[in-house]
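Here are my notes on this one, as numbered points. Have the model open while you read.

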Amino acid sequence: MSISDIKIDIDSTSSEDKIREEQPWDTKSEQFIQDLKLSCDQISKMFNLAGRKAKKKYNLLAIPTIILPLVCSVVINKIENNKDLINSVLLCIIGIINGLSTFFNFGKKMIIFNEYSGKYTELSNIISLELAKPKKYRIDLDIFLERITIKKQYLDSNAPYI
């Protein structure tokens, strides 16, 4: 059998094509979309809360590293006994705080958590805007479902652990 023996009947395949029909917006589909929106809202709030906690931890570690050297320089100049020992202890404390801050990196975590909170809120807003439209002005349901579920899956798979 050679390539010249293969016959393709173009007319028969095109007559069998079906006209695409739109999937109707029904109550079950809208409920699924509403549940997806609520899920996005809840996850956004969790990331927002985690971002606030990370900011507090960042501030707890950053403020002492700024204030301690200033206070220590004044205090050490007033003390005449054991200047070297006090200076060494204070520098060790500042080093430990800086090490913890670098290791846990709360500043970066805060930024990432706030970013994902915004992304989930954005997806929730897209859903709200579509559901606010009358049904005759909405995008096709199957296309809309595919878009939002893909976006949600992408966010879920790339989101950091809280």
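**Notes on the helix packing**

1. Helices α2 and α3 run roughly antiparallel to each other, a label that needs an angle over 145 degrees (under 35 would be roughly parallel, 65 to 115 roughly perpendicular, and the rest oblique). The angle between α2 and α3 (residues 83–104) is about 170°, and their axes are 9 Å apart. Axes here are lines fitted to C-alpha atoms, for helices over the stretch in contact, with angles from 0 to 180 degrees between N-to-C directions. On the α2 side the contact is made by L61, P64, T65, L68, P69, C72, I76 and N77, and on the α3 side by K83, I86, N87, L90, I93, I94, I97, N98, L100 and S101. Contact means heavy atoms within 4.5 Å. By type, the residues in this α2–α3 contact are 12 nonpolar, 5 polar and 1 charged. For the bookkeeping, Ala, Val, Leu, Ile, Met, Phe, Trp, Tyr, Cys and Pro count as nonpolar, Asp, Glu, Lys and Arg as charged, and the others, Gly among them, as polar.

2. A word on provenance. This is a predicted model, where local features need pLDDT of at least 70 and side-chain atom pairs count only at pLDDT 80 or more, while totals for chains, interfaces and linings use all residues. Residues are numbered from 1 along each chain as its sequence is written, and side-chain values use heavy atoms, with hydrogens and water left out.

3. Now the overall picture. The protein chain has 5 helices and 0 strands, in the order α-α-α-α-α along the sequence. Both kinds of element are DSSP runs numbered from the N terminus: helices are H or I with at least four residues, strands E with at least two. Looking at contacts with a separation of 6 or more, 85% are between residues 24 or more positions apart. Of the 162 residues, 25% count as buried, meaning under 20% relative accessible area (exposed is over 50%, partly exposed in between; 1.4 Å probe, protein chains only). The accessible surface is about 12,200 Å², with 60% of that belonging to carbon and sulfur atoms. Those areas come from the Shrake-Rupley method with a 1.4 Å probe, and for residues only the protein chains shown count as cover.

4. How does α2 sit against α5: roughly parallel or roughly antiparallel? The two are roughly parallel to each other: the axes of α2 (residues 27–78) and α5 (residues 141–158) cross at roughly 25° and come within 12 Å. The crossing of α2 past α5 is left-handed, which means that the near helix is turned anticlockwise from the far one by less than a right angle (clockwise would be right-handed). From α2, the contact uses S29, F32, I33, L36, S39, C40 and I43, and from α5, L141, F144, L145, I148, T149, K152 and D156. That set divides into 9 nonpolar, 3 polar and 2 charged residues.

5. α4 against α5 is another roughly antiparallel pair. Their axes cross at roughly 170° and come within 11 Å, and α4 passes α5 in a left-handed crossing. Y116, K119, Y120, L123, I126, I127 and E130 of α4 meet F144, I148, K151, K152, L155, D156 and N158 of α5. Here the split is 8 nonpolar, 1 polar and 5 charged.

6. Two residues to click on next. K37 belongs to α2 and counts as buried at 16% relative accessibility. Leaving out neighbours within four places in sequence, K37 is in contact with S124, I127 and S128. S117, in α4 (residues 106–132), is also buried, with a relative accessible area of 9%. With the neighbours within four places set aside, S117 is in contact with S44, F47 and N48.

7. Finally, the α3–α4 loop. N105 is located there and is partly exposed at 35% relative accessibility. N105 is not a glycine, yet has a positive phi of about 50°. Most residues other than glycine have a negative phi. F106 is in α4 and counts as buried at 13% relative accessibility. Not counting residues up to four places away in sequence, F106 touches A54, K57, Y58, L61 and S101. The C-alpha atoms of F106 and N59 are 8.9 Å apart, with their positions 47 residues apart along the chain.
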